[in-house]
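Good morning. I have one structure to go through today, and I will take it piece by piece. Please look at the sequence and the model first.

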Amino acid sequence: GYSLTNAEAELRRVVEICVQQNIRFLLVITGKGRNSDSRSGSEKKIIKTELPIWLMKQFYRDRIQYISLASQKHGGSGAYYFFIKRL
């Protein structure tokens with residue numbers, strides 16, 4: 001239910017909390033984008049498609065060690081596992 005801007009701000013906030021509290025594993029549910037209708041040109045802009053762009057930012061590269069698609073029981077192609085670095 002987040003807008004793209006709010007979703008990225010929330011992701012940043014939660015990743016920072018994980019780092020501060022030494023939480024090493026995070027399940028990020030992006031959804032599959034079926035109910036999203038915001039478009040930029042012909043490309044559908046959804047959290048799932050924007051996530052790789054966000055993760056190129058230095059903030060995330062400094063804090064996230066590894067990312068993997070979640071298993072089906074945790075959301076499949078609409079979710080990711082984030083493994084957080086120890087700082």
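One definition before anything else: a residue is buried under 20% relative accessible area, exposed over 50%, and partly exposed in between. Take Glu10 as a first case: its relative accessibility is 23%, so Glu10 counts as partly exposed. Please also keep in mind that this is a predicted model.

Now the overview. The chain has three helices and five strands. Read from the N terminus, the order of the elements is α-β-β-β-α-α-β-β. Of the 87 residues in the chain, 32% are buried. The accessible surface comes to about 5,800 Å², and carbon and sulfur atoms hold 51% of that. As for contacts, take those with a separation of 6 or more: residues 24 or more positions apart account for 56% of them.

Next, the salt bridges. How many salt bridges does a search of the whole structure find? The search finds three.

I start with the pair that Glu10 belongs to. Its partner is Arg13, and the closest N and O atoms are 2.7 Å apart. Both residues sit in helix α1, three residues apart, so about one helical turn separates them. The general rule behind this is that an α-helix has 3.6 residues a turn, so residues three or four places apart point the same way. Arg13 has 45% relative accessibility and therefore counts as partly exposed.

The second pair is Lys57 and Glu8, whose side chains meet at 3.4 Å, N to O. Here the partners come from distant parts of the chain: Lys57 is in the loop between α2 and α3, Glu8 is in helix α1, and they are 49 residues apart. Is Glu8 buried or exposed? At 13% relative accessibility, Glu8 counts as buried. Lys57, at 33%, counts as partly exposed.

The third pair is Arg63 and Glu16, with a distance of 2.7 Å from N to O. Arg63 lies in helix α3 and Glu16 in helix α1, so this salt bridge ties together parts that are 47 residues apart in sequence. Arg63 counts as buried because its relative accessibility is 17%. Glu16 is at 24%, so Glu16 counts as partly exposed.

On to helix α2, residues 47-54. Which residues of α2 are buried? They are Ile47, Glu50, Leu51 and Trp54. Seen down the helix axis, these buried residues fall within an arc of 120°, so they line one face of α2. What covers them includes α1, α3 and β5.

Two of those residues turn up again in the surroundings of Thr30. Thr30 is in the loop between β1 and β2. With a relative accessible area of 13%, Thr30 is buried. Leaving out residues up to four places away in sequence, Thr30 touches Ile47, Lys48, Leu51, Gly78, Ala79 and Tyr80.

Tyr80 brings us to the strands. Strand β1, residues 25-29, pairs with strand β5, residues 79-84, in the antiparallel sense over five bridges. Within that pairing, Val28 of β1 stands opposite Tyr80 in β5.

Strand β1 also has two faces to compare. As a general point, in a regular strand the side chains alternate between the two faces of the sheet. In β1, Leu26 and Val28 make up the covered face, while Phe25, Leu27 and Ile29 make up the uncovered one. The three residues of the uncovered face form a nonpolar surface patch of about 290 Å². Leu27, which belongs to strand β1, has 33% relative accessibility and so counts as partly exposed.

One last residue, back in helix α1: Gln20. Gln20 is at 61% relative accessibility, so Gln20 counts as exposed. Which residue, 66 residues away along the chain, has its C-alpha atom 9.3 Å from that of Gln20? That residue is Arg86.

To recap, there are three salt bridges, helix α2 has its buried residues along one face, and strand β1 has a covered face and an uncovered one. That is what I have.

Note on methods: Residues are numbered from 1 along each chain as its sequence is written. This is a predicted model: local features need pLDDT of at least 70, side-chain atom pairs count only at pLDDT 80 or more; totals for chains, interfaces and linings use all residues. Side-chain values use heavy atoms; hydrogens and water are left out. Patches are made of residues with over 30% relative accessible area and no salt bridge: like charges are joined within 9 Å, nonpolar side chains (Val, Leu, Ile, Met, Phe, Trp, Tyr) within 5 Å. Accessible areas come from the Shrake-Rupley method with a 1.4 Å probe; for residues, only the protein chains shown count as cover. A salt bridge is a side-chain nitrogen of Lys or Arg within 4 Å of a carboxyl oxygen of Asp or Glu. Helices (H or I, at least four residues) and strands (E, at least two) are DSSP runs, numbered from the N terminus. Buried means under 20% relative accessible area, exposed over 50%, partly exposed in between (1.4 Å probe, protein chains only). Two strands pair if DSSP finds at least two bridges between them. The arc is that of the directions from the helix axis to the C-beta atoms. Contact means heavy atoms within 4.5 Å.
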